Amino acid sequence: MTGTDVSADTTPFFSDDNEGEGPTDNGVGSPQPEEEESASGVSDKRAKLTVAVLCYINLLNYMDRFTVAGVLPDIEHFFSISDGTSGLLQTVFICSYMFLAPLFGYLGDRYNRKLIMCVGIFFWSLVTLASSFIGKDHFWALLLTRGLVGVGEASYSTIAPTIIADLFIKEKRTNMLSVFYFAIPVGSGLGYIVGSEVDDVTGDWHWALRVTPGLGLLAVILLLFVVQEPKRGAIEAHPEHTLHRTSWLADIKALCRNLIFGIITVVTGILGVASGVQVSKMLRIKTPRADPLVCAAGLLLAAPFLYLSIMFAQASTVATYIFIFLGETFLSMNWAIVADILLYVVIPTRRSTAEAFQIVLSHLLGDAISPYLIGVVSDSIKKSDSYMWEFRSLQMSLLLCSFVAVGGGAFFLATALFIEKDRHLAENYVPSDDAPIVVPKRGRSTKVSVSSVLI
């Protein structure tokens, strides 16, 4: 080892500084040519091998979960327990897995993820193997081991996707994650099949629980010798932007912003729909044009608040949330009313077709093209790849939504001019067997009744 290569001796394995470790100079001869590495510090070939190993382990995780389901009748008979008691096996596992996931999320954001997964999977394999030797008088011990299995699975499930995220970006990341999560249904089915088949062959359900531990130890070996820890965020970080680790409370606070936005969306959706319907009911007493007028008012009132929420996005978090709350509430006022308008201006035999056209047109002119258009506008505004320009260009492009809302309000105002006539035509529509047909008359077409033609 050369005198300048100090980190290899001084860096502890249980440390994030170990991430992205590559081959070191052994001091003998000239360095061998290496495969080109990406910003993550991992070559493309090694990255794909890493995904393959992670998929194998994910498959194994779900095999273990559903192995118990495959032999559950035999477990109930062995311990002389009821369906309700046997259901505790899954409940205990899920509770352990659920409550320990945040702990391993905390550890995974701060320490070497590869080591955490190795320890967790090794522990899970040992506990699963131990559960296969429990006697019939110790059902409580089986419950305990199933709870401890949740420890191992939580250590893996919370961390593995983040490694894939640090290896790939954009479409390739999506493809790799789809392969990774494809292991869930496949592993679940295999667990049930393998568990029940091993039980049938051996005549003892204990042997079904001894399949996955051996495969789990193989997974630990593959993790140690195949998987290489990538550098966190390096593949997508900006050159001038360095990622700094924050405290756990700061992480929770940042994540809660997404939670707050989700809660705002739920609450405003309920308030907007309910208030829109009630306001429309009250206005119908005064004018038959209440429905389109309420829809127009909702969109026109939402536009300035959406505009302000975008403009204040960087200046004030509290103000942004307030404007989002008001904007989304007004925006949601027309949902139920639009559906009602569509139904009462169309005769019953054509309403399904009308609903279909409404769905096609609303998505065609809305969420089908809007993400692409906003992205195109953002790209055209952006003058550099700096963080500030990415933020500003996207901020400016999102302002288009406010102007579209104004345009929508104008269309609803125009609808108010015709709503009475259209509703009257639909309500008074009378189908007739003597419907007019078109016949030529001196080179020009004209409409006459069927009966007049027959006479």
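These are my notebook entries on the fold, two helix pairs, the nonpolar cores and two single residues of a predicted model.

**Entry 1: the whole chain**

I began with the overall make-up, and I found 20 helices and two strands in the protein. Of its 455 residues, 36% count as buried. I then looked up how far along the sequence the contacts reach, and among those between residues at least 6 apart, 76% join residues at least 24 apart.

**Entry 2: the nonpolar cores**

I noted beforehand that in soluble globular proteins nonpolar side chains tend to be buried together. Here the largest nonpolar core has 34 residues, and those with the most contacts inside it are Leu54, Met117, Ile121, Tyr156 and Leu223. I listed the elements that give two or more residues to this core, and they are helix H2 (44-70), helix H5 (88-108), helix H6 (113-131), helix H7 (139-157), helix H8 (160-165), helix H9 (170-202) and helix H10 (211-225). Which helix gives the most to this core? I found that H2 does, with eight residues.

I then took Ile121 by itself and, leaving out residues up to four places away in sequence, I found that Ile121 touches Ile57, Ser155, Tyr156, Gly216, Ala219, Val220 and Leu223. I also recorded a second, separate core of 15 residues, which includes Phe79, Ile81, Ile134 and Leu142.

**Entry 3: Ala101**

I located Ala101 in helix H5. With residues up to four places away in sequence not counted, Ala101 touches Ala154 and Thr158. Thr158 lies 57 residues from Ala101 along the chain, and I noted a separation of 6.4 Å between their C-alpha atoms.

**Entry 4: helices H12 and H13**

For the helix pairs I looked up two quantities, since two packed helices are described by the angle between their axes and the distance between the axes. Helix H12 (residues 290-311) packs with helix H13 (residues 317-331) at an angle of about 160°, and the axes are 8 Å apart. That angle makes H12 roughly antiparallel to H13, the cut-off for this term being over 145 degrees. I recorded the crossing of H12 and H13 as left-handed.

On the H12 side the contact is made by Gly298, Leu299, Leu301, Ala302, Phe305, Leu306, Leu308 and Ser309, and on the H13 side by Thr320, Phe323, Ile324, Leu326, Gly327, Phe330 and Leu331. I sorted the residues of this contact of H12 with H13 by type, and they divide into 11 nonpolar, four polar and no charged.

**Entry 5: helices H17 and H18**

I next turned to helix H17 (residues 387-398) and helix H18 (residues 400-416), whose axes come within 4 Å and cross at roughly 0°. H17 and H18 are therefore roughly parallel to each other. The contact is made by Met396, Ser397 and Leu398 of H17 together with Leu400, Cys401 and Ser402 of H18. The residues of the contact of H17 with H18 divide into four nonpolar, two polar and no charged.

**Entry 6: Trp389**

I closed with Trp389, which has its place in helix H17. How does Trp389 stand for exposure, and what is its relative accessible area? I found Trp389 partly exposed, with a relative accessible area of 29%, a value to be set against the cut-offs of under 20% for buried and over 50% for exposed. Leaving aside neighbours within four places in sequence, Trp389 is in contact with Ile381, Lys382, Lys383 and Ser384. I also looked up Ser378, which is 11 residues from Trp389 in sequence and 9.5 Å from Trp389 in space, C-alpha to C-alpha.

Notes:
Residues are numbered from 1 along each chain as its sequence is written. This is a predicted model: local features need pLDDT of at least 70, side-chain atom pairs count only at pLDDT 80 or more; totals for chains, interfaces and linings use all residues. Side-chain values use heavy atoms; hydrogens and water are left out. Axes are lines fitted to C-alpha atoms, for helices over the stretch in contact, and angles run from 0 to 180 degrees between N-to-C directions. Angles under 35 degrees count as roughly parallel, over 145 as roughly antiparallel, 65 to 115 as roughly perpendicular and the rest as oblique. A crossing is left-handed if the near helix is turned anticlockwise from the far one by less than a right angle, and right-handed if clockwise. Contact means heavy atoms within 4.5 Å. Ala, Val, Leu, Ile, Met, Phe, Trp, Tyr, Cys and Pro count as nonpolar, Asp, Glu, Lys and Arg as charged, and the others, Gly among them, as polar. A nonpolar core is a set of buried Ala, Val, Leu, Ile, Met, Phe, Trp, Tyr and Cys residues joined through side-chain atoms within 4.5 Å. Buried means under 20% relative accessible area, exposed over 50%, partly exposed in between (1.4 Å probe, protein chains only).
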